[in-house]
Structure formats: structure tokens, C-alpha cells
Amino acid sequence: TKPAETAITAPLRTCGRVDWTMCVPCFTLCCRRTFRSAKEASLGDASQRAKSDEDPDQVLEERDILRQQLAELADREARRKHVLSYTPLGLCHLDRELRFLEINECFAQVNGLAVEELLGQKIDAVLPQVATAIVPQLRKVIDTGEPITKRTSYVETPAHPGERHLYEHSYYPWQSEDDTVLGISCVVRDITERVRAHEVGSIGV
């Protein structure tokens, strides 16, 4: 499956095997796979029923079960979107070519661009200074399949022209069932003010 085919234009958008911080976006992949499996299963069942005479009551019961499962998944997906809309962390998902596939509103705000300006674009095309600082790390995650967590970088973004902010970022590989790296999920937050406050407090002491 190509990563672009699995993207959802929602407030967020996904990840791989990670810790608690990213378990919600990780669920997105599980949810999508389940949706896909359920749909494929329903098509397969329909084909089988066309070839054989099944009990009509059994067919209706199976359809009801499928509808219930899909409704439950849709409800869980709606809750996921709600949580990610209000998380204070910037979350995004990149494919192997480092194109933005999924982004939440916080990530867009941190970088000073609208979600629509980032989606589908390569990171070096829309955030060149950010790319210079982090692309080598992203490539390492793709090449090794190992996450990089809680690194920091001073970079300038359109959110603060002419001013470099300190960002803490973690990168997690998004992997297929056979461990092929399909993309990267990122967690980012601006810690500039927190560090400044700590430095001022230290001077005061």
C-alpha cells in the first residue's frame, strides 16, 4: 500500500510503533487497516453469497454485524480527531519522500503556515530552514527504522520571521507489517519560552 493512499484529510493525520505520546495517531493506522479489511471482507462475502444459496436471515445478521463494526470504528475515529484537534503538540506524518501527508492544526501553527499550504508538499519546499536542520535525522529514521526522540534544534519558521526558536522534536518510523518503513510520524513543540523562563529563574537564584 502506498502511504499517500492511506492519508486522511483530518485535523491530524498518523504513525507507527511508539510510546504513549503517539499511541493515538498509531491507532489511526490500525483503524484504517480494519476499515479496509472489513470492506474487503464484505465484498468477499457478497461474492460468495452470489455463488451459493445462503440463509437470508444469516445474510441479514452478517450485514448488521458489519454495520455495527463500521459504526464503532467511525465513532472511535471521530474521538481521535477530537483529541488531536486540541492536543498542544504539533503532529505530522511524512512519506518516504518527506512530503506532508497528515498534519494537525497545532503543527501548522508552530510553523506559521496553514494546513492546506503544507499538505502534499515536500518539507524542503515549504520549510527550507527547518529542512536543513532536520532532514538528516528524518533520513536516518527511514534508513534504520529506529526512532529519534527528544532532540532539539534552533530554527527560524514563518511563524517567527527573523527569530530562531528552540523546538523539541521526536521522529518515529511508520512501518508496514513486514517492517518496511513507509514514512515518518513527527511530534514537535516550541520550548523557547520554557527554556527562557528556566534561564531567568536560574539567574535569579
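# A guided tour from helix α4 to the cavity

Begin by selecting Ala108, which lies in helix α4. The model on display is a predicted one. Ala108 has a relative accessible area of 0% and is therefore buried. Display the neighbours of Ala108 beyond four places in sequence: this residue touches Ile103, Leu113, Ala114, Val115 and Leu118. A distance drawn from Ala108 to Leu118 joins residues ten apart in sequence, with their C-alpha atoms 7.7 Å apart in space.

**Leu118 and the nonpolar core**

Move the selection to Leu118. Apart from residues up to four places away in sequence, Leu118 touches Phe100, Ile103, Phe107, Ala108, Leu113, Val126 and Leu127. Leu118 is also one of the residues with the most contacts inside the largest nonpolar core, together with Phe100, Ile123 and Leu138. That core has 29 residues. Which helix gives the most to this core? Select residues 128-144, helix α7, which contributes six residues. As a general point, nonpolar side chains in soluble globular proteins tend to be buried together.

**The whole chain**

Zoom out and colour by secondary structure. The protein has eight helices and five strands. Followed along the sequence, these elements run α-α-α-β-β-α-α-α-α-β-β-β-α. Of the 205 residues, 39% count as buried. With a surface switched on, the protein exposes about 11800 Å², and 52% of that area is supplied by carbon and sulfur atoms. Among contacts with a separation of 6 or more, 54% are between residues 24 or more positions apart. The next stop offers one pair far apart in sequence.

**Leu94 in strand β1**

Select Leu94, found in strand β1. Leu94 counts as buried because its relative accessibility is 1%. Now add Gly183: the two residues are 89 apart in sequence, yet their C-alpha atoms are 5.4 Å apart in space. Beyond the neighbours within four places in sequence, the contacts of Leu94 are Arg99, Phe100, Leu101, Leu138, Gly183, Ile184 and Cys186. Two of these partners, Phe100 and Leu138, are already familiar as residues with the most contacts inside the largest nonpolar core.

**Val188 in strand β5**

Continue to Val188, in strand β5. Its relative accessible area is 11%, so Val188 is buried. A line from Val188 to Leu91 spans 97 residues of chain, while the C-alpha atoms are separated by 6.4 Å. Leaving aside residues within four places in sequence, Val188 is in contact with Leu89, Gly90, Phe107, Val110, Tyr167, Glu168 and His169. Of these, Phe107 has already appeared among the residues that Leu118 touches.

**The cavity**

Keep Val188 selected and look for enclosed space. How many cavities of 30 Å³ or more does a search of the whole structure find? The search finds one. The volume of the largest cavity is about 170 Å³. Show Asn111, Val130, Ile134, Tyr171 and Val188, which lie nearest its centre among the 17 lining residues. By class, the lining comprises 13 nonpolar and four polar residues, with no charged ones. To see where the lining comes from, highlight β1 (90-95), α4 (105-111), α7, β3 (148-156), β4 (164-175) and β5 (181-190), each of which supplies at least two residues. Helix α4 is thus on view again, the element in which Ala108 lies.

**Leu166 in strand β4**

Select Leu166, placed in strand β4. Is Leu166 buried or exposed? It counts as buried, because its relative accessibility is 9% and the cut-off for burial is under 20%. Outside the residues up to four places away in sequence, Leu166 touches Thr152, Ser153, Tyr154, Arg189, Asp190, Ile191, Thr192 and Val195. For a distance, choose Glu156: ten residues separate it from Leu166 along the chain, and 8.9 Å separates the C-alpha atoms.

**Two backbone angles**

The last selections concern phi. Most residues other than glycine have a negative phi. Select Lys150 in strand β3, where phi is positive, near 50°. Lys150 is exposed, because its relative accessible area is 65%. Then select Asp179, located in the loop between β4 and β5. Asp179 is not a glycine, yet has a positive phi of about 70°. Its relative accessibility is 43%, so Asp179 counts as partly exposed. The tour ends here, in the loop that lies between β4 and β5.

Methods:
Residues numbered from 1 in each chain as written. Predicted model: local features only at pLDDT ≥ 70, side-chain atom pairs only at ≥ 80, totals over all residues. Heavy atoms only, no water. Core = buried A, V, L, I, M, F, W, Y, C linked by side-chain atoms within 4.5 Å. Buried < 20%, exposed > 50% of the residue type's maximum accessible area, 1.4 Å probe, protein only. Helix = DSSP H or I, 4+ residues; strand = E, 2+ residues; numbered from the N terminus. Contact = heavy atoms within 4.5 Å. Areas by Shrake-Rupley, 256 points an atom, 1.4 Å probe, with all protein chains shown as cover. 1 Å grid on protein atoms, 1.4 Å probe; cavity = no way out; pocket = protein on both sides within 12 Å on 5 of 7 lines; lining within 4 Å. Points joined across faces, edges and corners; volume = space filled by probe spheres on them. Nonpolar A, V, L, I, M, F, W, Y, C, P; charged D, E, K, R; others polar.
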